[in-house]
Amino acid sequence: QVQLVESGGGLVQPGGSLRLSCTASGFTLSSWPVSWHRQVPGKERVFVAGISADGQNAKHADTVKGRFTILRDNRKNEVYLQMNGLKPDETAMYYCSINSHHMHVWGSGTLVTVSS
């Protein structure tokens with residue numbers, strides 16, 4: 001079965017940094033564009049960043065622009081979200097996903113907690 005798995009979440013102080021990773025099993029991640037979203041209980045899941053299959057085109061939500069960077073290493077079949085300057089209200093479950101015409105899959109998420 002096709003699966004996505006996120007890792008790298010944890011507890012970080014305000015202003016700190018984390019790097020999240022997304023890996024695939026059962027298919028080749030490098031063939032697909034990948035997105036990161038985040039969600040807190042009781043709220044809708046929101047877009048954070050996305051990247052094209054070849055890694056040449058990336059976009060970031062206005063709320064994270066200049067602080068977060070999405071990137072990928074197709075030689076390792078991995079996608080990353082580098083998060084700098086984290087804020088307490090960015091505490092959330094972070095998910096990677098593929099949402100294309102022929103591929104739709106979401107990971108189970110990794111928890112990021114930003115707190116003193």
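This section describes strand E11, the surroundings of His60, the largest pocket and the loop at Asn77 in a predicted model.

Strand E11 spans residues 110-114 and has two distinct faces. In a regular strand, side chains alternate between the two faces of the sheet. In E11, the side chains of Thr110, Val112 and Val114 point to one face and are buried, whereas those of Leu111 and Thr113 point to the other and are not. E11 is joined by 3 bridges to strand E2 (residues 10-12), and the two strands run parallel. Strand E9 (residues 92-100) is likewise joined to E11 by 3 bridges, but in an antiparallel arrangement. Val112 of E11 stands opposite Gly10 and also opposite Ala92.

Ala92 additionally contributes to the lining of the largest pocket, together with Arg38, Gln39, Val40, Lys43, Glu44, Val46, Asp89, Glu90 and Thr91. The volume of this pocket is about 160 Å³. Its lining comprises 5 charged, 3 nonpolar and 2 polar residues.

His60 is located in strand E6 (residues 58-60). A polar atom of the His60 side chain lies 3.0 Å from the backbone nitrogen of Ile70. Apart from neighbours within four places in sequence, His60 is in contact with Phe47, Val48, Ala49, Lys65, Phe68, Thr69 and Ile70.

Strand E7 (68-73) is followed by a loop that leads to strand E8 (78-83) and contains Asn77. The phi angle of Asn77 is near 60°, a positive value in a residue other than glycine.

Technical notes. Residues are numbered from 1 along each chain as its sequence is written. This is a predicted model: local features need pLDDT of at least 70, side-chain atom pairs count only at pLDDT 80 or more; totals for chains, interfaces and linings use all residues. Side-chain values use heavy atoms; hydrogens and water are left out. Helices (H or I, at least four residues) and strands (E, at least two) are DSSP runs, numbered from the N terminus. On a 1 Å grid over the protein atoms alone, a cavity is a set of points where a 1.4 Å probe fits but cannot get out, and a pocket is an open set with protein on both sides within 12 Å along at least five of seven lines; lining residues have an atom within 4 Å of a point. Grid points are joined across faces, edges and corners, and a volume is the space filled by probe spheres set on the points. Ala, Val, Leu, Ile, Met, Phe, Trp, Tyr, Cys and Pro count as nonpolar, Asp, Glu, Lys and Arg as charged, and the others, Gly among them, as polar. A polar contact is a pair of N or O atoms within 3.5 Å; within protein, one must be able to donate a hydrogen and the other to accept it, and residues adjacent in sequence count only if both atoms are side-chain atoms. Contact means heavy atoms within 4.5 Å. Buried means under 20% relative accessible area, exposed over 50%, partly exposed in between (1.4 Å probe, protein chains only). Two strands pair if DSSP finds at least two bridges between them.
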